[in-house]
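Hello,

Here is the structure I promised to pass on to you. Please open it alongside this message, and I will walk you through what turned up around the ligands.

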Amino acid sequence: MTSCDKTLFTQGANEPGKDDVSESVRNWVSEMSAYFGRPLTFFIKTFGCQQNDHDSEIAAGILSLLGFHEGISAEKSDVVLFNTCSVRANADDRFYGHVGNMKPLKKEGYPIIGVFGCMMEQDIHVNTIKTTFPYVDFILGAGAMTHIPQALESVINARMTEKRNAGKPLDLTSISLPSDSITSGELPVKRQNRQRALITIMTGCNNFCTYCIVPYTRGREKSRIAADVVREVKQAVSEGARDVMLLGQNVNSYGVEERKRGEDPALYPTFSELLSEIALIDRLFVLRYMTSHPCDLSDELINVIGRIPVIEPHIHLPLQSGSDHILKKMNRRYDAAHYLSLVKKLRETRPDITISTDLIVGFPGETEDDFRATLRVMEEARFDAAFTFIYSPREGTPAARWFDSVSSNREEDNNTNHEATIRDRFERLTALQNRLSYDSNVKLEGREVAVLVDGSSKRSPDIFSGRTRDHRLVNFTAPDRMSLSGNNLLQAGDIVLVRIDHAKIYSLEGTVTSILERSLQTRCP
Ligand code: SAH
Ligand code: SF4
Ligand code: F3S
């Protein structure tokens, strides 16, 4: 691997890959490579959130330790893994489309197909795979990447002994508990993006919002020991990470369960303490974290955000709904007034902070008045960005039982044309957010902002893209000497000053005025 490779591979200290199972898979990989006269390759298709993105980076790290190389597509790879998401119906559907497309590709047992992630924590999906997609070779639970060597070994052994594809997926979901690998020690990671590192600090969720499947697929909250997190961040930074994102479904309650159980607070400090410690690490451009729950966002944390400049001047704080009635039914445990008081404190404490949010339209029982309350809170909070979703019933969650898709999903509203009403609300919500997002971006026109470079566009190599400290997307051009023809070529990981020429709803356009810092990486020819 050269220093100009897109990906970077870090081997953890007590990683899987040094046991007998891994050794036997590694031997098989090298025999097959010799037989085919080329390296064996893997491809991972990931659905869902950053937690899943990072789990896939760990899966890629494990497969690399086993001797596989990263392939360019599912069609051209020997092992294909699907890391699934179940948060909304469209995530499920997209996965089934992809796995269905694998059928004609499967010839003489290849590629070996494995499925893991949140959908595989639900019997309904596990059974669908077994009955409808029998050419899948193995199934693992969410976050169960350390079991990949074992799954591969079982598939290989079954083939050797039965001289054929076993004919049905090997179900290892019962041995792979939700997210059991992630919090235990250090794992190998093959990062997709060397300048931006995703670091898991905790897994699972205890909140049980009534619409959400995550607590059922990811289990209860479990935090990693702070020293392991800090070590991983330092390692990532030494390898060129300038943007570090600490991940958890509810990062504000990092370590809470462990401290309640009587664990040493030095091992599991508060999230504010962890954030403050990581912020001391040299060479960080920005320290990010996601997701915060409004109910657990403490004054201590708001003060830390206000005091430490390297902590991002941005927070993702999902509102979900602006109606107290709906928030109660969602089991969110805050009301609109509390949410707005947090927004006020955040803006007072860190005046440059941007706030993004998640919003759900069409939750069972949502009336026009409830919906208008959401619009009002949005206006008052002046969200800089929002992810907007139409409510999707998830089997097994309380809200799914309140949902009636045929007549109306609103208890107090007589409008029977339910789908059209929800679509109309969704469009009104998006229109309002587009205006707020543009208002937020247009303030930057004419100003200079620091941007962490992600690379240049494939279609026009002289147009670069990157993100500001508050995570706004910036597309920009650079003077000749910094563009492709010059020898001072900009590359991922550089930090530049960009003058913003033009604001759009989802991005900014600008021109580089100077280079602030070069990336640690060797410059590529
Ligand atoms: N732990 C994070 C992220 C959860 S999933 C949090 O609490 O914010 C990301 C977003 O998906 C949620 O914030 C919510 O807005 C949306 N979401 C979750 N379940 C949904 C459902 N059943 N239908 C529509 N949107 C949903
Ligand atoms: Fe889901 Fe709520 Fe947990 Fe977020 S906090 S993962 S929305 S249950
Ligand atoms: Fe999806 Fe699981 Fe993440 S359901 S949003 S991949 S935690």
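Domain 1 (8-171) and domain 2 (195-312) both contribute residues to the shell around ligand 3, so ligand 3 lies between these two domains. Please keep in mind as you read on that this is a predicted model. If you would like to select the surroundings of ligand 3, pick Cys49, Asn52, Cys85, Ser86, Val87, Cys118, Val214, Arg218 and Gln249. Sorted by class, that shell around ligand 3 holds 5 nonpolar, 3 polar and 1 charged residues. The space that ligand 3 takes up is the largest pocket.

Next comes ligand 1. Which domains does ligand 1 lie between? Domain 2 (195-312) and domain 3 (318-442) both give residues to its shell, so ligand 1 is found between those two. There are 14 residues around ligand 1, and the ones that come nearest are Arg88, Gln249, Gln320, Asp358 and Ser392. By class, the shell of ligand 1 is made up of 7 nonpolar, 4 polar and 3 charged residues.

Some contacts of ligand 1 are worth a look on your screen. Gln320 places a polar side-chain atom 2.7 Å from an oxygen atom of ligand 1. Asp358 also has a polar side-chain atom by an oxygen atom of ligand 1, at 2.6 Å. With Ser392 the backbone takes part: one of its N or O atoms lies 2.7 Å from a nitrogen atom of ligand 1. How much of ligand 1 does the protein bury? Taken alone, ligand 1 exposes 540 Å², and the protein buries 89% of that. Ligand 1 sits in the largest pocket. Two elements give two or more residues to the shell around ligand 1, namely β15 (354-361) and β16 (385-390).

That leaves ligand 2. Which residues are around ligand 2? They are Cys205, Asn207, Phe208, Cys209, Tyr211, Cys212, Val214, Pro215, Gln249, His293 and Arg332. This shell around ligand 2 divides into 7 nonpolar, 3 polar and 1 charged residues. For ligand 2, too, the space taken is the largest pocket.

One residue to keep in view as you turn the model is Gln249. You will meet Gln249 around ligand 3, among the residues that come nearest to ligand 1, and again around ligand 2. Val214 is another to mark, as it appears around ligand 3 and around ligand 2.

Enjoy exploring, and do write back with any questions.

Best wishes

Definitions and conventions
Residues numbered from 1 in each chain as written. Chains lettered and ligands numbered in written order. Predicted model: local features only at pLDDT ≥ 70, side-chain atom pairs only at ≥ 80, totals over all residues. Heavy atoms only, no water. Near = heavy atom within 4 Å. 1 Å grid on protein atoms, 1.4 Å probe; cavity = no way out; pocket = protein on both sides within 12 Å on 5 of 7 lines; lining within 4 Å. Sits in = over half its atoms within 2 Å of the grid points. Nonpolar A, V, L, I, M, F, W, Y, C, P; charged D, E, K, R; others polar. Domains from an automatic or database assignment. Polar contact = N/O pair within 3.5 Å; in protein donor to acceptor, adjacent residues only side chain to side chain. Areas by Shrake-Rupley, 256 points an atom, 1.4 Å probe, with all protein chains shown as cover. Helix = DSSP H or I, 4+ residues; strand = E, 2+ residues; numbered from the N terminus.
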